[in-house]
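Let's take a friendly look at a protein model together. Keep the picture at hand as you read.

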Amino acid sequence: MAFWLARERRSQEASFIQRFDPRFWTVDFPRPAMASVVTQGTDALRVDVELHHEGELVGLIWESVDRFDHPLLAYATDLDYAHTTLSFRWRSTGVIPLDEPNGPTLTIEGRDAAGVPATWYVRLWNYAEGSPTDARITLPFSKLESGYVLPGALIHPSDIDRMFISIVAPGHSPGSDAPLAQRANGHVIMSDIVADGGRAMLETGDVRLPVHGLRMATAYDDAYNQTPTRLLHNIIALGYRSEIVHYVGMSHFMRLERTSEGGLLAEPSGALCEPAAAWHMAFLERAREIDLEVIVSLSYELFDAYCPSGWKQRAASGDPALTGWIPPSTLLSPANGEAIGWLAAVARNFVGLLEATSQPVRFQIGEPWWWVTSGGEICLYDDAAIVVFGGDPPVIADMRGALGQDEIDLLDAAGTVLAASTADLAASVREAASGPAEILLLAFTPTILDPSMPELHRANLPQGWAEPAFDRLQLEDYDWLTSGADALRRQAYSFIDAKLGYPLAKQDYLAGFVLDPLDAEEFWSRIDAGIDEAAARGIESTFVWALPQVARDGYTRLPPTGTSDMQSFDDVLYPFALGRSTAVAPEFSTSISVTASGHERRNALWSDARMHFDVGPGIRSEAELAELIAFFRARHGAARGFRVSDPFDHSSNGMTGTPTAFDQLLGTGDGLKADFQLVKSYGTGPEPQTRPITRPRGDSLIVSVGGVANNDWTLEPFGIIRFTTAPPEGTEVRAGFLFDVPVRFAEDRIDIAGVNFSAGEAPSIPLIELREAD
């Protein structure tokens, strides 16, 4: 299906927003503080904060450059605020009020009139009318002065990158990591937000792409700093519909409590922090208003610093299971009742939010597994797990090595424990729901079916997950997808289908994602192809993972239009053999410019020749003429393609020889790639002319890998050889075959005069080759 990576808006539709539109403010803060921003109508926003230390500061941010919206939707960059005035009503509770030291301050970052980087601090109380907790604030940027009291230094308003309003707790002490006497919860409401004067409006994208049938995936850890309205606007405008998978994350949603040792850990009750609860309530409400169902996703992953020690999975060495994120997250032990109980409590809280916003209860258990370290150690040895496994389980030093029966039995037992924990979590969701609840399981195949660890599936894809344990099975394989490991991906589908037994009607696919923007061009092409492949397999619901990468890279998916090449081609052979009298003409396209001195500069515009045929001389009788006319009408003239056999070039061996399995080099194996395009090379030397072969004769096809005949493949449309197991690295993949040429009639009419035909004059019936491969 068509897609492109939109880097900027060009001729697409545009509109205007008021500068300082509430939808586009963000928040940020250091851990372990929590904050969120939500819109409250078209001119108001609310910030909720939850603070634990004296030095924590939350910033409510406006940026001159839109870093978060898709390029087709982003507001225009404008660093000039001269003659612009921002006014709003400020109301606050539970935070330092406007008139006190360390009260709300507008920090402006930009450059002075000489272009030197500068920062200004504008005390909001100096521009307020009203009380310290309820005031009207007016900020005329051309007259703003920094400093605690006025008069102060004028700011330079014409070169501003960003600005933020600081929000802190009573008792704030800049730079201090001392704990507050108690957790501080507060909120700020900015309403009646008005931008006036010069440059008060910003151009913004007003694109609304056609619906393409894909769904979107989001994550709170990636989007906690943005308003829900902003995220959902991107989703709808980019053509995504029906449902969203929303991963609640592992580091921002939880309420923290202080331990007796002074640290902060996830509160065992599973309570949500107030900012996360407010954000998710707004997100779910707005999604319902625009007919999007939200599938809430919760995983076994938790930010390591917030995780009680006893909850963590551990290797036999005692080291905790830590992911590669910086700072790291850890994995909760399926054997630890307190850890799974905490997950269940969190799940029940999200069920409450779903029902409070009239959303159906749909809940995904995301990637539950026993962690395996980079050294191959499986983390089955936390205290709770050791007890469950009999007190002295065998040590699996490396999952990549040979395993004995005791170790295999341990993996089976671990799978049983994992399945029981997910069943308990699913039961908690169903019990919390007042009506029906749909439970989905998400599995990440590159980890649980890593070919270097062939027995790992026993622990991480347990038989207890077999249908009907869950209502739907969701699969993602983005590491394999973006690396081109297609054979492993397809083997995984077959393995999971056989082991768990979910029909395709109960399976979904999550495609993506692109961690590094430098990989965008290569990876999105593969992701998009994976989406098409999922549809071809019969998967009805595909989710793109995830919105931040879609927006960052400008991934833009379009629905199919018109008739596909496959639909406009009749896979039939031209009914008459082409004899030696047939005219055959290969054509290239070359741009030639002649210099003043008579030298030529030539640029080849096509990498492959396009064939032309005139098959009229092959018609020898009135009966054949009648059959030709019928064939022409069945093709609707030039509308539909068909096959023709070139009498001078139809074999991989020379031009007309008998094929062998070693005729044509298709490529070299890398251990991952499974698909190879049939090609025929012409000429010798390092750069022969290469012709894609899209219409081979299947019964003639023979293949070799590394010099040995190979039958572990299927022939896919357009001349693709698809191996069940990817050819090993460094092995040559070769093939031999007979082939036809895809062509169409060059014109929508054929002119045949009966008198001339009877006199032996051959009609002209030109055919032209169709391009079917890049």
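Below we visit a sheet, a helix beside that sheet, and one serine. Bear in mind that this is a predicted model.

**The sheet**

Strands of a sheet pair through backbone hydrogen bonds, either parallel or antiparallel. Here, six strands make an open sheet, and their pairing is antiparallel. Walking across, you meet β4, β5, β15, β7, β11 and β10 in that order. At the edges sit β4 and β10, each of which pairs on one side only. From one strand to the next, the twist averages 15°.

Helix α3 packs on this sheet, where α3 touches β4, β5 and β15. The direction of α3 makes about 25° with that of β4.

Here are some of these elements with their residues:

| Element | Residues |
|---|---|
| β4 | 34-39 |
| β5 | 45-53 |
| β7 | 84-93 |
| β10 | 128-131 |
| β15 | 179-197 |
| α3 | 274-289 |

Now zoom in on one pair: β7 and β15 run antiparallel to each other and are joined over nine bridges. Threonine 84 stands opposite glycine 197 in β15.

**One serine**

Next, find serine 652 in the loop between β35 (641-644) and β36 (664-668). Is serine 652 buried or exposed? Its relative accessible area is 2%, which is under 20%, so serine 652 counts as buried.

What surrounds serine 652? Leaving aside neighbours within four places in sequence, its contacts include Pro659, Asp663, Lys680 and Phe739. Phenylalanine 737 is also in contact with serine 652: the backbone nitrogen of phenylalanine 737 lies 2.8 Å from a polar atom of the serine 652 side chain.

Definitions and conventions:
Residues are numbered from 1 along each chain as its sequence is written. This is a predicted model: local features need pLDDT of at least 70, side-chain atom pairs count only at pLDDT 80 or more; totals for chains, interfaces and linings use all residues. Side-chain values use heavy atoms; hydrogens and water are left out. Two strands pair if DSSP finds at least two bridges between them. Helices (H or I, at least four residues) and strands (E, at least two) are DSSP runs, numbered from the N terminus. Axes are lines fitted to C-alpha atoms, for helices over the stretch in contact, and angles run from 0 to 180 degrees between N-to-C directions. Contact means heavy atoms within 4.5 Å. Buried means under 20% relative accessible area, exposed over 50%, partly exposed in between (1.4 Å probe, protein chains only). A polar contact is a pair of N or O atoms within 3.5 Å; within protein, one must be able to donate a hydrogen and the other to accept it, and residues adjacent in sequence count only if both atoms are side-chain atoms.
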